[in-house]
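Please open the model in your viewer and keep the selection panel at hand for the stops that follow.

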Amino acid sequence: MSRAPDGGRIPAPLLVPAALGTAFLVLPVVGLLVRAPWSSLGAQLAAPGVGEALRLSLISATLATLVSLVLGVPLAWVLARSRIRGRSVLRALVTVPLVLPPVVGGVALFLVLGRRGVLGGPLYDAFGISIPFTTTAVVLAETFVAMPFLVISVEGALRAGDARFEDVAATLGADRWTTFRRVTLPLVAPGVAAGAVLCWARALGEFGATITFAGNFPGTTQTMPLAVYLALQREPEAAIVLSLILLAVSLATLLLLRDRWLGRAVP
Amino acid sequence: MTLQASVALRHGSLDLAVDLEVADGEVLAVLGPNGAGKSTLLRVLAGLLPPGGGRVAVDGTPWDDVAAGTHLPAHRRPLGVVFQDALLFPHLTVADNVEFGLRTRGVRKAERRTAARAWLTRVGLDGLGDRRPAQLSGGQAQRAALARALVGRPAVLLLDEPLSALDARTRLVVRAELRRHLTAFSGSTVLVTHDPVDAMALADRVVVVEEGRVVQTGTPDEVNKRPRTDYVARLAGLSLLPGTGEGRVVRLDGGGVVAVAEETSGPVFAAVRPESVALYLTRPEGSPRNVWPARLAGATPHGATVRCELAGEVPLVADVTAGAFAELGLEPGAAVWATVKASEVAVYAR
């Protein structure tokens with residue numbers, strides 16, 4: 001850029017920490033790649049349980065993202081557009097899961113939806129439905145942790161968007177619901193997509209809330225992060241392979257996001 | 001359709017209280033400086049902003065009646081609005097934009113297509129229906145926005161600074177087209193603008209709004225020739241001198257006396273056109289006319305002439321030719337004598 005007259009030379013007090021920071025972020029991933037048992041990779045991937053955990057992870061993260069979209073986009077609209085009282089309080093409440101340790105979230109979910117929980121108790125007494133330690137619990141735990149990412153992303157997109165288009169739609173006979181479907185949503189679609197990808201990635205990596213609320217049962221609640229942690233105790237090589245798979249999925253997510261975020265960072 | 005509105009609204013520092021009436025086929029321009037409340041008034045008429053008090057009715061049907069608790073939301077009002085920046089939906093094609101209002105009102109697809117194509121042809125965008133709004137020029141976008149507003153046969157058309165986002169040349173062309181479409185439109189039109197040229201060229205009647213109040217109404221010609229506030233006088237390029245008529249002279253409120261050609265009495269305005277003011281370095285002798293000492297407060301090129309702001313007992317604006325300006329060797333602060341013939345001063349009751 002023409003803004004830097006000295007060819008963009010970086011001052012040492014900034015360069016050194018920046019380089020260290022980069023190394024700190026990149027080296028663990030490099031270590032993972034170096035230590036990977038490339039020769040036995042095929043066999044490890046085909047091992048029983050790996051495919052199961054991966055499938056469960058992908059399905060539950062996708063379901064959690066769908067639930068987040070159905071509930072989170074309307075919530076983002078309310079936060080960005082409505083004039084209800086206590087909107088800032090609502091926003092604070094909604095974003096609590098962002099700062100809450102996931103394990104605490106898991107405990108909280110357990111207290112509400114467990115067999116003796118506020119909602120879970122009546123549910124079990126009336127229908128015999130028990131949520132904890134099921135795949136449903138995995139999806140709920142992931143949704144709890146990941147949905148705020150979607151809400152914040154979509155709310156930001158809505159605020160950045162030009163609300164005058166909604167006025168135009170109203171003068172053309174569109175009620176608020178029609179306006180939302182035909183104008184608002186299409187205009188913030190990129191923001192919704194980015195939020196959904198972020199939400200999905202967060203759900204895929206969820207560990208604390210899942211293991212607390214859903215437990216660690218292979219086939220029903222053991223997702224990839226749980227499998228990685230467990231494998232590390234017994235056979236580190238398997239843990240590396242599972243980590244590589246998660247890394248590949250994460251990189252694919254990053255590539256999906258690249259045009260939106262990394263592309264925008266460079267003017 | 002007759003639009004009758006009596007709107008009161010407090011919105012931040014704005015205190016709006018405006019009455020207006022627009023007949024069938026009439027174009028009313030709401031002219032005023034930025035922040036006068038013009039756009040707020042338009043949003044109230046559109047139903048986007050509920051008024052704090054008053055009534056808006058079209059052909060006797062109330063759209064807003066604060067006393068009766070009536071508020072028809074924007075999407076239930078049969079109106080068309082054209083905004084300053086066209087605001088075509090960027091995710092839809094131009095044709096889909098034009099069809100939007102028909103679609104929300106349940107018109108069938110084939111019918112929508114036909115109507116949209118007809119209107120695109122009418123505004124000169126034949127064959128551009130498949131384009132995205134981003135592929136249109138500013139003038140084309142504003143034409144499409146007009147088609148989108150008119151395709152649903154609204155009872156009322158609201159135009160919010162429809163030409164101000166366009167460059168000068170395009171504005172000229174689109175203004176002429178808009179005039180044609182407004183002539184053909186049978187409903188009531190309200191045009192909000194801060195550009196007197198738009199008001200003069202497009203409107204049958206002008207309402208001047210300043211600080212939330214109507215300060216003058218009349219035909220464009222009346223408002224142009226007999227301004228009642230400094231703002232309007234400046235737009236019309238006149239110096240407005242309020243005073244009291246005493247026979248053939250007007251004693252000005254700000255001090256000084258103006259000789260006029262006709263007898264008047266009571267509170268009057270004396271209006272002087274810049275081109276009827278002559279400037280001299282020494283006090284001119286001769287025929288009886290108005291002669292005042294003044295200082296040159298500012299000078300700006302204005303076409304082939306230089307517009308000179310004069311400070312003194314009688315504040316005036318004078319247009320002198322660039323040649324004369326150079327010959328006089330005028331500099332800011334220079335002392336001059338300004339003269340105006342009595343017959344060149346327009347006088348009218350306040």
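In which sense, and over how many bridges, do β12(B) and strand β13 of chain B pair? Select residues 257-272 of chain B for β13 and add β12(B): the two pair in the antiparallel sense over twelve bridges, where strands are DSSP runs of E of at least two residues, numbered from the N terminus, and count as paired if DSSP finds at least two bridges between them. Along this pair, L241(B) stands opposite A270(B) in β13(B).

This is a predicted model, in which local features need pLDDT of at least 70 and side-chain atom pairs count only at pLDDT 80 or more, while totals for chains, interfaces and linings use all residues. Residues are numbered from 1 along each chain as its sequence is written, and chains are lettered from A and ligands numbered from 1 in the order in which they are written.

Widen the selection to the open sheet of chain B, whose three strands run in the order β12-β13-β19 with antiparallel pairing. Because β12 (239-252) and β19 (345-349) of chain B are edge strands with a single partner each, one side of each has no neighbour in the sheet.

Next, colour chain B by domain, with domain 1 at 3-230 and domain 2 at 237-349, bounds that come from an automatic or database domain assignment. Their C-alpha centres lie 39 Å apart, and five residues of domain 1 of chain B are in contact with six residues of domain 2 of chain B, contact being defined by C-beta atoms, placed from the backbone, that lie within 7 Å.

Finally, turn to the contact between the chains, which takes 14 residues from chain A and 14 residues from chain B.

Methods:
Helix = DSSP H or I, 4+ residues; strand = E, 2+ residues; numbered from the N terminus. Contact = placed C-beta atoms within 7 Å.
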